[in-house]
Amino acid sequence: MLSILIPVYNYNVLPLVNELVKQCSFNGIDFEILCQDDASNSSENILNQEINLLPNCSFFVNETNLGRGKNINSLSLKAIYDWLLILDCDTFPAQNDFVKKYIDAISNLKNNILFGGIIYENKKPQSDQLLRWVYGNKRETVTILTSNLIIKKEVFIQYPFDESITKYGYEDLLFFSVLKANNFEISKIENPTFHLNLETSKAFLNKTKIALENLVFLYDSKKIKKEENKITTSFEFLRKLKLTQFSAFLFKKNQTRIERNLFSKKPSLFLFDLYKLGYYCTLKK
């Protein structure tokens, strides 16, 4: 009935798999759990190899790095069941009936795609991780993502992740854009997972820059439309006013000052948005 796909990169995913096995077994669900490390060469894989000892579970290691989307595509081709539950490796079910809720939902499902939601622990993390935590609480908890998604296998096989994206960032945007263009609806239900792995603010900002490079590629190659993302929409507004070069200049002039705030104990998401738009303008310049 259910193939659970977990793309892995440099992370101990064994606790998550143990919890999923327990929930599936308790509810008598036919399942398999497929995990695949994307050539991280991590020492965590020593523990992850124990996944192969669990019932209906497998752990694979890619010889070369595929990128998250292509890694999930690879897992989907190995799946044997009709439904795919895609989970990020650094998530964990918020409730002990997490799998059962999905099974109950798909038994009465009109649509073929459900998102369960992402939440963050209320306890504040260390000060050097606050940007990721604040962003996650304010933005990711209200955004539909593929980090906790159940989808009919035949739909995913027909509309997989775009494998031209090899870097981090915005693969979800394009994935959902293609689905919506083909008249699929993505519904959200209350069945969240915790996002556990918080990067430092500096690491998160660096990943954001890489993601913006991806966004430039997606937009320039016409894979997404401007209205599908706030940054591209804002950029086109600035372009009409002939202010993109000036915006890039202002960004470079104030970049260090903004970063000082983003790395502080009170990071501003308004400044984070300005930072992303300014950096995008420099890339387009």
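**Reading a predicted model, feature by feature**

Mentor: Let's start with one contact: the side chains of arginine 132 and glutamate 199 meet in a salt bridge, at 3.0 Å from N to O. This is a predicted model, in which local features need pLDDT of at least 70 and side-chain atom pairs count only at pLDDT 80 or more, while totals for chains, interfaces and linings use all residues. Residues are numbered from 1 along each chain as its sequence is written, and side-chain values use heavy atoms, with hydrogens and water left out.

Trainee: Where in the chain do arginine 132 and glutamate 199 lie?

Mentor: Side chains of opposite charge can pair when their charged atoms come close. The cut-off used here is a side-chain nitrogen of Lys or Arg within 4 Å of a carboxyl oxygen of Asp or Glu. In this pair, arginine 132 sits in helix α5 (residues 130-138) and glutamate 199 in the loop between β10 and α8 (201-220), so the contact links distant parts of the chain, 67 residues apart. Helices (H or I, at least four residues) and strands (E, at least two) are DSSP runs, numbered from the N terminus.

Trainee: Is arginine 132 buried or exposed?

Mentor: Buried means under 20% relative accessible area, exposed means over 50%, and partly exposed lies in between (1.4 Å probe, protein chains only). Arginine 132 is buried at 5% relative accessibility, and glutamate 199 is buried too, at 16%.

Trainee: How many salt bridges does a search of the whole structure find?

Mentor: The search finds 15. One of them joins lysine 167 and glutamate 213 at 3.1 Å, N to O. That pair also links distant parts of the chain, with lysine 167 in the loop between α6 (153-158) and α7 (171-181), and glutamate 213 in helix α8, 46 residues away. Both ends are partly exposed: lysine 167 has a relative accessible area of 44% and glutamate 213 has 29%.

Trainee: Which helix holds both arginine 239 and glutamate 236?

Mentor: Helix α9 (residues 230-240) holds both, and they are 3 residues apart, about one turn of the helix. Their side chains form a salt bridge of 2.6 Å, N to O. Arginine 239 is partly exposed at 42%, whereas glutamate 236 is buried at 11%. You can also look for a network of salt bridges linking Arg68, Asp88, Glu171 and Asp172.

Trainee: Let's turn to strands. Why is strand β4 largely enclosed by the rest of the structure?

Mentor: In a regular strand the side chains alternate between the two faces of the sheet. In β4 (residues 83-87), 5 of the 5 residues are buried, so the strand is largely enclosed. Trp83, Leu85 and Leu87 point one way, while Leu84 and Ile86 point the other way.

Trainee: What runs parallel to β4?

Mentor: Two strands pair if DSSP finds at least two bridges between them. β1 runs parallel to β4, joined by 4 bridges, and leucine 5 stands opposite isoleucine 86 in β4. Strand β8 (residues 148-152) pairs with β4 in the antiparallel sense over 5 bridges, and there tryptophan 83 stands opposite lysine 152.

Trainee: What is the order of the open sheet of 3 strands?

Mentor: The order is β5-β10-β7, with mixed pairing. β5 (91-93) and β7 (118-119) stand at the edges with a single partner strand each, so one side of each is left without a neighbour in the sheet. β5 pairs with β10 (residues 193-195) in the antiparallel sense over 3 bridges, and threonine 91 stands opposite histidine 195.

Trainee: How many disulfides does a search find?

Mentor: A disulfide is a covalent bond between the sulfur atoms of two cysteines. With a cut-off of 2.5 Å between sulfur atoms, the search of the whole structure finds 0. The sulfur of cysteine 35 has its closest cysteine sulfur in cysteine 57, 6.9 Å away, which is too far for a bond. Cysteine 35 is buried, at 0% relative accessible area.

Trainee: What is the phi of asparagine 10?

Mentor: Most residues other than glycine have a negative phi. Asparagine 10 has a positive phi of about 50° although it is not a glycine, and it is found in the loop between β1 (2-8) and α1 (14-26). Tyrosine 170, likewise not a glycine, has a positive phi of about 65° and lies in the loop between α6 and α7.
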